[in-house]
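Trainee: I'd like a close look at the charged side chains in this one, and who they pair up with. Please walk me through them slowly, and throw in some context from the rest of the chain.

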Amino acid sequence: MKFHCALFVTLLAACGGETGGGSAPASEDRPLTADFEEVYRIGGIAAEGWEAFTEIVDLDFDAAGRLYIRDETGSSTRIVVVDGVGALAAEFGRMGDGPGELREVGHMVARPEGGVVIVDDGHRSYLLFGPDGSFERAIRFAIQGASETASAETVRSAREGETLFLTRSPAASYSGGEMSVDTGDRTIYRVSLTEADEAVAVPFAEAWEVSPEREIRMEAADPSDMFGALGDAFAAFVPDLVFDVLPGGRLAYSDSSAYAVKIQSAPGAPARVVSRPLQPELVTEQLRERARARMIEAMESSATGEANGQSLDDLPPEFRAQVSAMMEEMMAGMRDAVANAGFMPEVPLVRDLRTTWEGTIWVQRWGSDPLAQIDAQIEVSGGSPEGEVAVAGWIDVLTPEGEYVGTLSLEETSMPDAFGPGGLVAFVETDEFDVPTVILKRLPETVRLELGSPAPGAASGDR
């Protein structure tokens, strides 16, 4: 019998590396209008054939403006390629163990010259396809100085050449009396895909981390032992590590509670820091108690009453009692972990960071509710008892050199799911039946800046 504590892993990420905080809108904000021109839309409830999407997991553009869509249906994956006017250019993806077949897709990113890279955790390889869906080659994973079983959490493709940047995911599992906990790390790796047989993920940027990486394997009497093994790795209000690529092989990333975007040009090189005069909220004892209550509510509301996808009511009575007892012990361990969780002194400001093909940096800030990151993680885990969590906050637009241009409100636009050349952006919207629609838009000149374009208001500094 194998149990996957999905919500715990989500909360481990949420409280140890995928959280956010709150900030009030700054008086210095310069409002921008989200009057984006719509180019086309595909999908939706009435769509048929190739336009009928089930669950869109990844979107990305190549340099020609072709949009690549990864659509998941049950255990199968298909890649849809759409041209600049919304017509089908290619469709491919076949599950299996052979060359060019997909086994366990983790991520899809576009190749700048056309085609995609599939990060296939089942094959432990990067699978390279052309823009017409033709399979070109497979390159084995290798991560320098890290566990070879680590999975990628975020993957970005460089704007030039065959290069990826990625971070690793935390993971926790319990099976057959053995516990495995991998807390991941705060490293951004660079991967060159020019080698024929093996692509080594080499550390490019070492982000700040609250506790050292841990990988634990041990015999355990029950799943709740994993929570004690984590110790102080379970902490709340740890800032996100969010990043994206810039032209010329550079990176922009945020790793702290403050508004401090770091721009790094090479492995080990000093990062240049750009910022805005915004201050994070302090974490008080009252806020800590509210956060603990919210996390416990999330865990309890997400209990599914299932083991291996089978309802406990369908199990034999003698086995049902055993499984119920194990689940209760796991929940008790999770409650203890939350009760003993540590807290960072400040609520982080930055929620996400993306970049355009021209190098403009979009920084998404959390809204004014400091518990929003917990609500967002409840929604991601599928444990929200009250439905979809409202999105609140702002998006700051910075030039490639970090100068502040202005701020978009999330009440007017969400963060694009993909940025393309020439100001193209793509969004995925779902209706009340969770049916997705892809909407392609073009940014106006007020928020679309070419490399080297001047903008008012400096916001930069050096470390």
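Mentor: Let's start from the outside: the protein chain has an accessible surface of about 19,400 Å², and 48% of that belongs to carbon and sulfur atoms. Keep in mind that this is a predicted model. Of the 463 residues in the chain, 55% are buried. The secondary structure adds up to 5 helices and 35 strands. Among contacts with a separation of 6 or more, 62% are between residues 24 or more positions apart.

Now to the charges. Side chains of opposite charge can pair when their charged atoms come close. The structure holds 22 salt bridges, and I'd begin with Asp62. You'll find Asp62 in the loop between β3 (56–61) and β4 (67–73). Its relative accessibility is 0%, so Asp62 counts as buried. The side chain of Asp62 meets that of Arg66 in a salt bridge, 2.7 Å from N to O. Arg66, at 24% relative accessibility, counts as partly exposed. What else does Asp62 touch, leaving aside neighbours within four places in sequence? The contacts include Tyr68, Arg111, Trp357 and Pro421.

Arg111 turns up again with Glu162. The side chains of Glu162 and Arg111 make a polar contact at 2.6 Å. Glu162 sits in the loop between β11 (152–157) and β12 (163–168). Its relative accessible area is 16%, and the cut-off for buried is under 20%, so Glu162 counts as buried. Beyond its neighbours within four places, Glu162 is also in contact with Glu113, Leu128 and Val191, among others.

Next, two pairs that reach across the sequence. Arg354 and Asp244 form a salt bridge of 2.8 Å, N to O. Arg354 is in strand β28 (residues 350–355) and Asp244 in strand β19 (residues 242–246), so this pair ties together parts 110 residues apart in sequence. Arg354 counts as buried at 12% relative accessibility, and Asp244 counts as buried at 1%.

The other pair is Asp396 and Arg276, whose closest N and O atoms are 3.2 Å apart. Asp396 lies in strand β30 (residues 393–398), while Arg276 is in the loop between β22 (272–275) and β23 (281–282), so the parts tied together here are 120 residues apart in sequence. Asp396 and Arg276 are both buried. Salt bridges with shared partners join these two with Asp29 and Arg365 in one network.

Some charges meet rings instead. The charged end of Arg156 sits over the ring of Phe243, 6.0 Å from its centre. Lys441 has its charged end over the ring of Phe427, 5.5 Å from the centre.

While we're on rings, the whole structure has 7 aromatic pairs. One of them is Tyr126 with Phe141, a tilted pair at 4.6 Å centre to centre with 50° between the planes. Tyr126 is in strand β9 (residues 125–129) and Phe141 in strand β10 (residues 135–143), 15 residues apart. Tyr126 and Phe141 are both buried. Trp362 and Phe419 make an edge-to-face pair, 5.1 Å between centres and 70° between planes. Trp362 belongs to strand β29 (residues 361–366) and Phe419 to strand β32 (residues 418–419), so that pair ties together parts 57 residues apart in sequence. Trp362 and Phe419 are buried too. Finally, ring pairs link Phe92, Phe129 and Phe135 into a cluster.

Notes
Residues numbered from 1 in each chain as written. Predicted model: local features only at pLDDT ≥ 70, side-chain atom pairs only at ≥ 80, totals over all residues. Heavy atoms only, no water. Helix = DSSP H or I, 4+ residues; strand = E, 2+ residues; numbered from the N terminus. Buried < 20%, exposed > 50% of the residue type's maximum accessible area, 1.4 Å probe, protein only. Contact = heavy atoms within 4.5 Å. Areas by Shrake-Rupley, 256 points an atom, 1.4 Å probe, with all protein chains shown as cover. Polar contact = N/O pair within 3.5 Å; in protein donor to acceptor, adjacent residues only side chain to side chain. Phe/Tyr/Trp six-rings, centres within 6.5 Å; stacked < 30°, edge-to-face > 60°. Lys NZ or Arg CZ within 6 Å of the ring centre and 35° of its normal. Salt bridge = Lys/Arg side-chain N within 4 Å of Asp/Glu carboxyl O.
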